Amino acid sequence: MISYDSIQELVDKAKKKGKLISELVLEDQALQMEQSQEELFELMRASLQVMAEAAAKGLTAVSKSASGLSGGDANKMRQSVDAGRSLSGKVLSETLAKALAIAEVNACMGRIVAAPTAGSCGIIPAVLLTLKEENNLAEDRVVMSLFTAAGLGMVIAKKASISGAEGGCQAECGSAAAMAAAAAVELMGGTPQMSAHACAMALKSVLGLVCDPVAGLVEVPCVKRNASGAANALIAAEMALAGIESTIPVDEVIGAMKAIGDAMPKSLKETAEGGLADTPTAKKIARDILR
Amino acid sequence: MNVFDIIGPIMVGPSSSHTAGAVRIGKIARTVAGGQPVAVTIELYGSFAQTYKGHGTDKAIIAGLLGMAPDDERIKDSLELARQAGMTFKFRKSHNKEVHPNTALISAVDQAGKKIIVQGSSVGGGRIVVNRINEINVKFNGEYYTLLIPHTDTPGVIAAVTNLLADQGINIAELNMYRSHRGGEAMMVIETDQAVKGEQISLIEAVKTVKKAVLIEPIY
């Protein structure tokens, strides 16, 4: 059994057994949940399908959320990519479009998979689904990579937090980006140790990021932070696959995130009292919505 | 915690606590009412009261009362569906510093015209805690098969009920007894590992001073 107390433990066990992190996690979870590996694999496949449906829906949607604050931006991004106006390359632009798409579907009360939360639900699927499409990867491999994302996410949840109310946005979009980066590395043939470095690098880039939702809704800045989170994951994965290492080991980065989250004032942890939520425009929006 | 707590649940957005958890509170109220209520009044507290329109918490609670699950795409149309189904509803913003910030108190009139009350809090990640049934303060989270057994506080009732469960090989995960006062209205909340069947419920309801037995199936 795996304790999920440290990511390095996962990496070392995977190395020792000559397995991928995803294989190790699936094997362990089947034991812990007293279900077969096939059953858990199919449950995860169902999640991937919901993710793909949400992305497809959001990419062509024009409707707005109940508050009117979000909706339609993914469609703009997709049209721009379709017109060949990608500034930073097709993989990144496609990833951004999907991250916005899924986050907008969430804001509009559509069906999504919390990954690890509803507020950060666009990041992991945007990265993995784009890599799948651009590299013609088999669906089964993408399903497996979700077990890597989940395994690392369990360690983050256990040792720090995946909740904005507890740890700020670093704990939500930061954790999602870190999980996505590690899964992307595995998907693209990197080693378990490279996945751990990718996870560390993605998390390091957003340490201290606060959760300051306008009017307390999962929309502004959450939808666009899904796009930046997905980009962050690709950056970290790309560096790790090039052999770049994180100087601070991943488990220490998670410890730092926990300490920063604890030190963060309550006004910056999902209470909509500080940060962007406290700007004149945000306060006006809040007044209009609450009226 | 398992992998599906991290990649999951599959749900309708935008917020696991304000939407998915709210559906579950509504669904438990439906079960306590023995089906779809005729009329409901919902009091919202804290963040639920502040953000319910933007988060669709109102739609989510009504969806639960209509029997939907947290991943049902009809949740966003639930207010209209409730009107079509003949269930009237009213929302009120309330204040109470004592309750968790994401709390809803649902008062419903059931098909027989009887009033029931369910209060629940959404405590994060779509998980909930039910903290009041009718006039009695309770505490359970819907993770197990949960039996709610209102009765009059008398010696031997717990023994009689637990013996009936034991006879059927049903293992009790947790048992709590709440009472208004000595010899007064009481509520047993029994969480079990196995499903309790209809005939067992009838046997429990036949125990002296037991008024009713309501089974809530696991909601996760």
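**How do we know? Chains A and B**

Q: Which residue takes a positive phi in the hairpin of β9(B) and β10(B)?
A: That's B:Gly183, with a phi near 75 degrees, in a hairpin that has five residues between the strands. Keep in mind that this is a predicted model.

Q: What makes β9 and β10 of chain B a pair?
A: Two strands pair if DSSP finds at least two bridges between them. Strand β9 (residues 172–179) and strand β10 (residues 185–192) of chain B have seven, in the antiparallel sense, so they count as a pair. Among the bridge partners, B:Met177 goes with B:Met188, and B:Arg179 goes with B:Ala186.

Q: Why are β9 and β11 of chain B said to stand at the edges?
A: Look at the strand order first: the open sheet runs β9-β10-β8-β11 in chain B, with antiparallel pairing. β9 and β11 (214–216) each have a single partner strand, so one side of each is left without a neighbour in the sheet. From one strand of this sheet to its neighbour, the turn averages 15 degrees, direction ignored.

Q: What is the order of the six strands in the open sheet of chain B, and what is the pairing?
A: The order is β3-β2-β4-β5-β6-β7, and the pairing is mixed. Here β3 and β7 (136–140) of chain B are the edge strands, because each has a single partner strand and so keeps one side without a neighbour in the sheet. The twist averages 20 degrees from one strand to the next.

Q: How do you know that β4(B) and β5 of chain B pair?
A: The pairing rule asks for at least two bridges. β4(B) and strand β5 (residues 115–124) of chain B share seven in the antiparallel sense, so they qualify. In one of these, B:Ile106 has B:Val118 of β5(B) as its bridge partner. α2(B) packs on this sheet too, touching β4, β5 and β6 (127–133) of chain B, and its direction makes about 155 degrees with that of β5(B).

Q: Why is B:Leu44 called buried?
A: The cut-off is 20 or more other C-beta atoms within 10 Å. B:Leu44 has 23 C-beta neighbours inside 10 Å, so it counts as buried. It sits in strand β2 of chain B. Not counting residues up to four places away in sequence, B:Leu44 touches B:Ala49, B:Tyr52, B:Thr57, B:Phe91, B:Lys93, B:Ser94 and B:Ala104. The C-alpha atoms of B:Leu44 and B:His95 are separated by 8.1 Å, although the two are 51 residues apart along the chain.

Q: Why is helix α4 of chain B said to be largely enclosed by the rest of the structure?
A: Nine of the nine residues in helix α4 (residues 57–65) are buried, so that description fits. B:Asp58 and B:Lys59 are among them. The buried residues of α4(B) pack against α2 (16–32), β2 (39–45), α3 (46–55), α5 (78–84), β3 (88–94) and β4 (102–109) of chain B. Just after α4(B), B:Gly67 takes a positive phi of about 95 degrees.

Q: What elements does chain A have?
A: Chain A has 13 helices and one strand. From the N terminus, five helices come before the strand, in the run α-α-α-α-α-β-α-α-α-α-α-α-α-α.

Q: Why is chain A called as compact as a globular protein of that length?
A: Its radius of gyration is 18 Å and the globule rule gives 19 Å for 291 residues; the two are close, so the label holds. Along its principal axes, the C-alpha trace of chain A spans about 60 × 45 × 40 Å. Buried residues make up 58% of the chain.

Q: Which residues touch the most other members of the largest nonpolar core?
A: A:Ala180, A:Ala181, A:Ala184, A:Cys199 and A:Ala233 do, in a core of 164 residues. Helix α9 (residues 169–187) of chain A supplies the largest share of this core, 14 residues. Beyond its neighbours within four places in sequence, A:Ala180 is in contact with residues including A:Ile123, A:Leu128, A:Ala149 and A:Ala233.

Q: How many residues of chain A are in contact with chain B?
A: There are 38 on chain A, facing 27 on chain B. α7(A) gives the most to that side of chain A, with nine residues. By type, the side divides into 25 nonpolar, eleven polar and two charged.

Q: What makes β1(A) and β1 of chain B a pair?
A: Three bridges join β1(A) to strand β1 (residues 10–12) of chain B, and at least two are needed, so they pair. The strands run antiparallel, with B:Ile10 as the bridge partner of A:Val113.

Technical notes. Residues are numbered from 1 along each chain as its sequence is written. Chains are lettered from A and ligands numbered from 1 in the order in which they are written. This is a predicted model: local features need pLDDT of at least 70, side-chain atom pairs count only at pLDDT 80 or more; totals for chains, interfaces and linings use all residues. Two residues are in contact if their C-beta atoms, placed from the backbone, lie within 7 Å. Helices (H or I, at least four residues) and strands (E, at least two) are DSSP runs, numbered from the N terminus. Ala, Val, Leu, Ile, Met, Phe, Trp, Tyr, Cys and Pro count as nonpolar, Asp, Glu, Lys and Arg as charged, and the others, Gly among them, as polar. The radius of gyration is taken over C-alpha atoms; the globule rule is 2.2 Å times the number of residues to the power 0.38. A residue is buried if 20 or more other C-beta atoms lie within 10 Å of its own, exposed if 12 or fewer, and partly exposed in between; C-beta atoms are placed from the backbone. A nonpolar core is a set of buried Ala, Val, Leu, Ile, Met, Phe, Trp, Tyr and Cys residues joined through C-beta atoms within 7 Å. Axes are lines fitted to C-alpha atoms, for helices over the stretch in contact, and angles run from 0 to 180 degrees between N-to-C directions.
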